[in-house]
Amino acid sequence: MNAADVHTDAVRHHDPAVRGFASDNYAGVHPEILAAIALANGGHQVAYGEDDYTAHLQDVFRRHFGEKAEAFPVFNGTGANVVALQALLPRWGAVVAAETAHINVDECGAPEKVAGIKIHTVPTPDGKLTPELIDRQAWGWDDEHRAQPLAVSLTQSTELGTLYTADEIKAICDHAHEHGMLVHVDGSRLANAAASLDRPFREFTTDAGVDILSFGGTKNGLLLGEVVVVLNPERVRNLKYLRKMSMQLASKMRFVSVQFEALLSGDLWLRNAGHANAMAKRLETAVRGIEGVTVVRPVQANAVFALLPREVSERLQKRYRFYFWDEHTGEVRWMAAFDTTEADIDAFATAIAEEMGRA
Ligand SMILES: Cc1ncc(COP(=O)(O)O)c(C=O)c1O
């Protein structure tokens with residue numbers, strides 16, 4: 001039976017014409033992903049990751065991240081981070097991260113509460129760690145009074161829409177490894193980074209020395225799903241137990257895995273991420289021409305951060321959804337998604353200009 005012909009008792013509760021700039025998670029599911037899910041449907045497959053799709057996914061990830069890569073699909077990004085960090089750290093371990101890191105500010109304390117991991121934070125100008133910034137927290141080994149800094153976590157692209165180059169990540173990994181620390185990358189937007197850098201994933205992950213990665217799918221067109229990718233299996237073990245203990249083991253895993261196959265076997269990941277990045281650039285260009293609006297951070301992926309009068313933002317929010325990034329300064333964040341159109345950007349830029357005109 002063709003899925004499109006199937007009757008459903010559900011009714012549409014939303015207007016698909018309503019668009020926003022609040023988050024790349026507000027977007028729906030790419031049709032090629034929906035087609036892949038339908039393809040994997042029907043018949044019975046062994047549950048909990050012993051299915052044919054998850055088996056094939058290992059090849060897909062090895063192609064992008066090298067022969068040693070091991071892929072563990074999970075439900076969401078917070079879960080991926082919590083599982084990955086646990087795999088790097090003993091009970092007394094701590095992770096060094098930027099103050100703005102998602103693990104620090106947007107996970108309701110899950111790394112601390114679920115995994116018991118202390119986060120040693122560092123303020124950064126642009127959301128990026130450096131060896132020097134890491135050193136502000138990388139000390140006190142052997143001191144039983146201090147949670148031991150045994151891992152570093154960086155985000156690519158960062159929460160502030162900025163990017164690390166492969167050399168910058170390599171410098172962090174070399175530095176961390178010299179101190180006996182392992183490196184995690186929160187790659188919930190790794191595809192946006194690869195598209196913007198125009199470099200293969202492995203160049204700024206595996207080849208740079210990253211030990212474990214949270215690879216994002218949801219923000220790039222999936223229905224749901226992320227993958228914890230072990231890049232250094234000699235140092236990082238026991239993922240399967242940690243995933244189950246952390247409630248991230250999907251019984252019908254084939255439907256998560258097939259989405260990643262659809263995303264990564266061809267160029268869907270690049271089309272989606274490249275498009276989202278291009279839409280952010282288009283927005284940046286448009287608003288730079290509007291007097292009184294200041295783009296306050298480099299636009300290197302799919303996020304635009306701007307300052308404009310607060311009352312203008314509040315009026316705009318009645319027309320389009322977006323968030324204040326910093327309630328104190330009034331800085332706002334505008335995100336583009338894989339399905340943001342040029343017309344969406346142009347209409348939004350016009351709305352900003354109109355509201356500025358009334359300022
Ligand atoms: C940098 C970063 N990491 C991880 C996540 C994953 O979060 P979630 O648990 O909502 O999938 C997000 C989502 O906003 C994010 O921006």
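**Notebook: ligand shell, two loops, two domains**

I started at the ligand and listed what surrounds it: Asn-76, Gly-77, Thr-78, Asn-81, His-102, Thr-155, Glu-159, Asp-186, Ser-188, Arg-189 and Lys-219. Note to self: this is a predicted model.

Next I sorted that shell by residue type. I got seven polar residues, four charged ones and no nonpolar ones. I also checked which element gives the largest share, and helix H3 (residues 77-88) came up, with three residues.

Then I went through polar side-chain atoms facing the ligand. For Thr-78, I read 2.6 Å between a side-chain N or O atom and a ligand oxygen. His-102 also pairs with a ligand oxygen, with a polar side-chain atom 3.4 Å from it. For Asp-186 the partner is a ligand nitrogen, 2.7 Å from a polar atom of the side chain. I looked up the cover too: on its own the ligand has 390 Å² of accessible area, and the protein covers 80% of that.

**Thr-162**

I moved on to Thr-162, which I found in the loop that runs between strand S4 (148-155) and helix H7 (166-178). Buried or exposed? I have it at 3% relative accessibility, so it goes down as buried, the cut-off being under 20%. Its side chain has a polar atom 2.7 Å from the backbone oxygen of Asp-126. Skipping neighbours within four places in sequence, I noted contacts of Thr-162 with Asp-126, Lys-128, Ser-157, Pro-298 and Gln-300.

**Val-299**

My next stop was Val-299, in the loop between strand S8 (294-295) and strand S9 (303-307). I read a relative accessible area of 7% for Val-299, so I count this one as buried as well, again with under 20% as the limit. Which residues does Val-299 touch, leaving aside neighbours within four places in sequence? I wrote down Gly-161, Ala-280, Lys-281, Glu-284 and Val-304. I also took one C-alpha distance: Val-299 and Arg-321 are 22 residues apart along the chain, and their C-alpha atoms are separated by 20 Å.

**Domains**

Last, I pulled up the domain assignment. Domain 1 is given in two pieces, 3-27 and 268-357, while domain 2 covers 31-264. Between the two centres, taken over C-alpha atoms, I have 26 Å. How many residues of each domain are in contact with the other? I noted 23 from domain 1 and 24 from domain 2.

Going back to my two loop residues, I placed them on these bounds: Val-299 falls in the 268-357 piece of domain 1, and Thr-162 falls in domain 2.

Notes:
Residues are numbered from 1 along each chain as its sequence is written. This is a predicted model: local features need pLDDT of at least 70, side-chain atom pairs count only at pLDDT 80 or more; totals for chains, interfaces and linings use all residues. Side-chain values use heavy atoms; hydrogens and water are left out. A residue is near a molecule or strand if one of its heavy atoms lies within 4 Å of it. A polar contact is a pair of N or O atoms within 3.5 Å; within protein, one must be able to donate a hydrogen and the other to accept it, and residues adjacent in sequence count only if both atoms are side-chain atoms. Accessible areas come from the Shrake-Rupley method with a 1.4 Å probe; for residues, only the protein chains shown count as cover. Helices (H or I, at least four residues) and strands (E, at least two) are DSSP runs, numbered from the N terminus. Ala, Val, Leu, Ile, Met, Phe, Trp, Tyr, Cys and Pro count as nonpolar, Asp, Glu, Lys and Arg as charged, and the others, Gly among them, as polar. Buried means under 20% relative accessible area, exposed over 50%, partly exposed in between (1.4 Å probe, protein chains only). Contact means heavy atoms within 4.5 Å. Domain bounds come from an automatic or database domain assignment.
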